[in-house]
Amino acid sequence: MMKVALVLLFAAYAYGCGTPTYEPSVGRVVNGEDARPYSWPWQISLQYRSGSRYYHTCGGTLLAPNWVMTAGHCISSRTYRVVLGEFDLTKGEGYEQIKSVQKIIVHPQWDDNCLSCGNDIAMIKLSSPVVLNDKVQPSCVPKSGEIAPHDDPCYITGWGRLYNGGPIASKLQQALLPVVGHSVCSSSGWWGSYVKTTMICAGGDIRSGCHGDSGGPLNCKGADGRWYVHGVTSFVSSLGCNTLQKPTVFTRTSSFTQWISDTMLQY
């Protein structure tokens, strides 16, 4: 347990987690908007190789200099790389750090055939540690069992599709997604039994994540002023990204804090 505690302290405090150099420009914007460049310095782009090129497929969150968290459903047999310090996917802005992948650990209870069963989480160990600077920094991980309250003003970030069937965003997007408490989200007319206690819902009006946001963070500000990754973007309604009373569903990070720590120690 002492080693686990040390890992968490290392990831959470040694590098000033959750305290971006460039403060996010946050407000109650109804739809998504371009993020302030480098204001979510833990956001990564997970990219797969096709031919001689790499393409964005999912988001993820930097937790420690050589560890990234993403969604289990983002992982297949492809060859991946992780890009950090990214803002505009269409430009080389000089701040990017591109890392190959040493190892990917998908949660052992993740089932590709049952997205609503939960455990949609994976850890990626980078080939070498990133250089932490004003544009690349880790997010904080919430304490085990901690639950963001209903209507907590959290933010989803990513390069997901701008609308159903549309193109992925070139510039990093952010959108205010208030948390929908489990008692509401799991009620009839909302997600019902599809939503487990190991998940967290946010949005549910015209705000949502969309394809390409998967694996990225649900960012919630703690009482200490730090940003915490409370969720890993998991799924939206098959009826569309912005379906009323079908909020974006995330893997609740605090349900897996121990597994995250154990994975970082073991590998």
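This passage describes the aromatic pairs, disulfides and salt bridges of a predicted model.

A search of the whole structure gave nine aromatic pairs. One of them joins Tyr38 and Phe87, whose ring centres lie 6.3 Å apart with an angle of 55° between the planes, a tilted arrangement. This pair links distant parts of the chain, the two residues being 49 residues apart. Tyr38 belongs to the loop between strand E1 (33-34) and strand E2 (43-50), while Phe87 belongs to the loop between strand E5 (80-84) and strand E6 (97-106). Tyr38 and Phe87 are both buried. A tilted pair is also formed by Tyr48 and Tyr55, because their planes stand at 35° with the ring centres 5.9 Å apart. Tyr55 has a relative accessibility of 32% and therefore counts as partly exposed. Elsewhere, ring pairs connect Trp40, Trp42, Tyr155 and Trp227 into a cluster.

Lys135 is placed over aromatic rings. The charged end of Lys135 sits over the ring of Tyr95, at 4.1 Å from the ring centre. Lys135 also lies over the face of Tyr38, here at 5.4 Å from the centre of the ring. Tyr38 is thus a residue with two kinds of contact, as it pairs with Phe87 and has Lys135 over its face. Lys135 has a relative accessible area of 10%, so this lysine is buried. In addition, Lys135 forms a salt bridge with Asp134, the closest N and O atoms being 3.1 Å apart. Asp134, at 27% relative accessibility, counts as partly exposed, whereas its partner Lys135 is buried.

Five disulfides were found in a search of the whole structure. Among them is the link between Cys58 and Cys74, with the sulfur atoms 2.1 Å apart. The torsion about the S-S bond of Cys58 and Cys74 is -90°, and the link is left-handed. Cys58 lies in strand E3 (residues 53-64) and Cys74 in the loop between strand E4 (67-70) and E5, so described as a link of distant parts of the chain, 16 residues apart. Cys58 and Cys74 are both buried.

A disulfide also joins Cys154 to Cys220, with an S to S distance of 2.1 Å. The value about the S-S bond of Cys154 and Cys220 is 110°, and this link is right-handed. Cys154 is in strand E8 (residues 153-158) and Cys220 is in strand E11 (residues 217-221), so the disulfide ties together parts that are 66 residues apart in sequence. Both of these cysteines, Cys154 and Cys220, are buried.

The disulfide of Cys114 and Cys117 has its sulfur atoms 1.7 Å apart. The torsion about the S-S bond of Cys114 and Cys117 is about 70°, and the disulfide is therefore right-handed. The two cysteines fall into separate accessibility classes: Cys114 counts as buried at 18% relative accessibility, while Cys117 counts as partly exposed at 41%. The assignment of Cys114 follows because buried means under 20% relative accessible area.

Side chains of opposite charge can pair when their charged atoms come close. The count of salt bridges comes to three. Besides the pair of Asp134 and Lys135, a salt bridge is formed by Glu23 and Lys221, with the closest N and O atoms 4.0 Å apart. Glu23 lies in the loop between helix H1 (2-13) and E1, and Lys221 lies in strand E11, so the pair ties together parts that are 198 residues apart in sequence. Strand E11 also holds Cys220 of the disulfide with Cys154. Glu23 is partly exposed at 38% relative accessibility, and Lys221 is partly exposed with a relative accessible area of 42%. The side chains of Asp224 and Arg226 meet in a salt bridge as well, at 3.9 Å from N to O. At 45% relative accessibility, Asp224 counts as partly exposed.

Conventions
Residues numbered from 1 in each chain as written. Predicted model: local features only at pLDDT ≥ 70, side-chain atom pairs only at ≥ 80, totals over all residues. Heavy atoms only, no water. Phe/Tyr/Trp six-rings, centres within 6.5 Å; stacked < 30°, edge-to-face > 60°. Helix = DSSP H or I, 4+ residues; strand = E, 2+ residues; numbered from the N terminus. Buried < 20%, exposed > 50% of the residue type's maximum accessible area, 1.4 Å probe, protein only. Lys NZ or Arg CZ within 6 Å of the ring centre and 35° of its normal. Disulfide = S-S within 2.5 Å.
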